[in-house]
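Biologist: Can you pull up the model so we can go through it together? I have a few short questions.

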Amino acid sequence: MGPTENKGLKEAYLANREAELKEWDAKILQLEAKAEQAQAQVKILYYEQLESLRTKRTTVREKLHELTLSSGAAWESVKIGLENAWHDLKGGLTSAAAKFK
């Protein structure tokens, strides 16, 4: 794969991840709204879960930023780190959404 093709792949990958992250931001906002309406004991659980999600989201954003700055072989390495953080956030969102339906 040539440098131009690699750059196009990187840009498409980043665009896809950014779009999905925006969807997840909306899900986190929905959970925050539910937390506001919850009873006191449940509220504590909501806020703990939300704090964890925010931390994971920050990690994903940092990895996305690293990816935009990387090139060549470094891009592949950073991409693996992003994928790990991505799956961690996705799992956290799925778990939180299931707990607080």
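Modeller: What follows is a short run through aromatic pairs, the core, a pocket and one surface residue.

Modeller: This is a predicted model, so local features need pLDDT of at least 70, side-chain atom pairs count only at pLDDT 80 or more, and totals for chains, interfaces and linings use all residues. Residues are numbered from 1 along each chain as its sequence is written, and side-chain values use heavy atoms, with hydrogens and water left out.

Biologist: How many aromatic pairs are there in the whole structure?

Modeller: Two. Rings of Phe, Tyr and Trp (its six-membered ring) pair if their centres lie within 6.5 Å; planes under 30 degrees apart are stacked, over 60 edge-to-face, and the rest tilted. Tyrosine 13 and tryptophan 75 are edge-to-face, at 6.0 Å centre to centre with 75° between the planes.

Biologist: Which helices do tyrosine 13 and tryptophan 75 lie in?

Modeller: Tyrosine 13 is in helix α1 and tryptophan 75 in helix α3, so the pair ties together parts that are 62 residues apart in sequence. Helices here are DSSP runs (H or I, at least four residues), numbered from the N terminus.

Biologist: And why is the pair of tryptophan 24 and tryptophan 86 called tilted?

Modeller: Because the ring planes of tryptophan 24 and tryptophan 86 are at 35°, with the centres 4.7 Å apart. Tryptophan 24 is in helix α1 and tryptophan 86 in helix α3.

Biologist: Are tryptophan 24 and tryptophan 86 buried or exposed?

Modeller: Both are buried. Buried means under 20% relative accessible area, exposed over 50%, and partly exposed in between (1.4 Å probe, protein chains only).

Biologist: OK, core. Which residues touch the most other members of the largest nonpolar core?

Modeller: Leu53 and Val60, out of 23 residues. Such a core is a set of buried Ala, Val, Leu, Ile, Met, Phe, Trp, Tyr and Cys residues joined through side-chain atoms within 4.5 Å. Helix α3 gives the most to this core, eight residues.

Biologist: What does leucine 53 touch?

Modeller: Leaving out residues up to four places away in sequence, leucine 53 is in contact (heavy atoms within 4.5 Å) with Ile28, Leu31, Leu89, Gly92, Leu93 and Ala96.

Biologist: Switching to the surface. Where is asparagine 84?

Modeller: In helix α3, residues 72-99. Asparagine 84 is exposed, with a relative accessible area of 52%.

Biologist: How many Å apart in space are asparagine 84 and glutamate 62?

Modeller: 13 Å, C-alpha to C-alpha, and 22 residues apart in sequence.

Key: Helix = DSSP H or I, 4+ residues; strand = E, 2+ residues; numbered from the N terminus.
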